[in-house]
Each structure stands twice: as C-alpha cells, then as structure tokens.
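Please examine the sequence and the structure shown below before reading on. The report then takes up a few of their features in turn.

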Amino acid sequence: SSQDFCSNPRVPYGGRAVVPTSVSAFNKASAAMSVKPIREHTGKALLHKWLGEYSNGKHSYSNPGVLVTPEVLDKTSGATWDTILDANPWLKEQKLVAKPDQLIKRRGKAGLIAVNKTFSEAKDWVMERMCKEQ
C-alpha cells in the first residue's frame with residue numbers, strides 16, 4: 001500500500017522521486033498514481049520547468065546541469081565533449097560536481113561524487129568511470 005511505502009524511514013521514497021502536479025492533485029490521485037523511478041537530471045529539469053508556475057512565482061529552480069551520455073565515447077555519434085562545452089559555456093566558468101545518474105543509492109559512500117572540479121577534471125573523472133563496473 002502507499003502508506004507502507006511512505007512509512008519506511010530507511011528508504012525515503014523507495015529511491016524514487018515523485019513529482020506531483022499539485023498538492024491537491026497528489027492527495028486525490030496518490031492511491032492510483034504509479035511510482036516510477038526517474039533520473040536526477042530529469043527531476044531537476046522538471047523542477048526548473050514547472051516550479052515557478054505551480055508556486056505562482058514564489059519559487060524558482062535555476063541549478064544548471066548537463067547529462068553526459070555514453071555517446072561521448074563514440075566518435076561517430078556527433079556528441080563530443082566539445083559539443084557539450086559549446087552548448088554550455090558556463091562549464092568553464094565555475095567549479096562543478098560530477099556524479100553518475102544511474103539510480104544508484106549512496107553514491108557518496110561509494111566514492112561516486114566528485115566535488116569542486118574544473119571542467120577538465122570533471123571530464124577526466126567521468127571518463128575514468130563511464131560504462132565501467134564500479
């Protein structure tokens with residue numbers, strides 16, 4: 001039941017994120033709403049897109065992020081580190097956080113979060129770990 005799901009203190013949201021359209025809609029539909037795991041990048045993109053509208057402008061979310069896919073490993077795909085940088089020049093202007101977006105629990109304890117890195121350092125960190133068993 002949904003009550004059992006939410007009452008387990010050791011597994012908040014069961015490792016999943018639920019993004020309701022509104023509190024009243026969530027309360028009405030919670031029993032019938034399916035819970036589907038979503039990636040952190042997708043959840044943040046949803047917050048960025050809808051938070052201002054659904055809070056009547058009281059809140060906003062402007063934490064930029066970039067999803068780097070394994071396509072950067074394939075030179076024929078067209079997705080390269082240079083195209084990512086061209087589309088997101090701010091990556092060279094500030095320190096970055098890099099982490100896998102693979103629905104992994106306790107990434108920090110597993111050493112899967114890099115903090116305060118330059119673009120070059122974050123790129124190297126990602127390339128060392130991408131598509132490899134951790």
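The sections below treat the overall fold, one helix, one loop residue and the largest pocket.

## Overall fold

The model discussed here is predicted. Its chain contains five helices and two strands, and their order along the sequence is α-α-α-α-β-β-α.

Of the 134 residues in the chain, 16% are buried. Contacts between residues at least 6 apart in sequence include many that span a longer stretch of chain: 40% of them join residues at least 24 apart.

## Helix 5 and its buried side

Helix 5 spans residues 119-129. Its buried residues are Phe119, Ala122, Trp125 and Val126. These four lie on the same side of helix 5, because they cover an arc of only 130° around the axis. A general property of helices helps in reading this pattern: an α-helix has 3.6 residues a turn, so residues three or four places apart point the same way. The buried residues of helix 5 pack against helix 4, strand 1 and strand 2.

Glu121 also belongs to helix 5. Is Glu121 buried, partly exposed or exposed? Its relative accessibility is 38%, and because buried means under 20% and exposed means over 50%, Glu121 counts as partly exposed. Glu121 and Lys95 are separated by 26 residues in sequence, while their C-alpha atoms are 9.7 Å apart in space. Just after helix 5, Cys131 adopts a positive phi of about 60°.

## A buried serine in a loop

Ser55 is located in the loop between helix 3 (40-54) and helix 4 (81-87). Its relative accessible area is 12%, and since the cut-off for a buried residue is under 20%, Ser55 is buried. The side chain of Ser55 reaches the backbone nitrogen of His59 at a distance of 3.0 Å.

## The largest pocket

Empty space in a model can be located by calculation: rolling a probe the size of a water molecule over the atoms shows where such space is left. The largest pocket holds about 1,100 Å³ of space. It is lined by 40 residues, of which Val66, Leu67, Val68, Ala98 and Lys99 are the closest to its centre.

Which element supplies the largest share of the lining? Helix 5 does, with six residues. At least two lining residues come from each of helix 3, helix 4, strand 1 and helix 5. By chemical character, the lining consists of 23 nonpolar, eight polar and nine charged residues.

Definitions and conventions:
Residues numbered from 1 in each chain as written. Predicted model: local features only at pLDDT ≥ 70, side-chain atom pairs only at ≥ 80, totals over all residues. Heavy atoms only, no water. Buried < 20%, exposed > 50% of the residue type's maximum accessible area, 1.4 Å probe, protein only. Polar contact = N/O pair within 3.5 Å; in protein donor to acceptor, adjacent residues only side chain to side chain. 1 Å grid on protein atoms, 1.4 Å probe; cavity = no way out; pocket = protein on both sides within 12 Å on 5 of 7 lines; lining within 4 Å. Points joined across faces, edges and corners; volume = space filled by probe spheres on them. Nonpolar A, V, L, I, M, F, W, Y, C, P; charged D, E, K, R; others polar. Arc of directions from axis to C-beta. Contact = heavy atoms within 4.5 Å.
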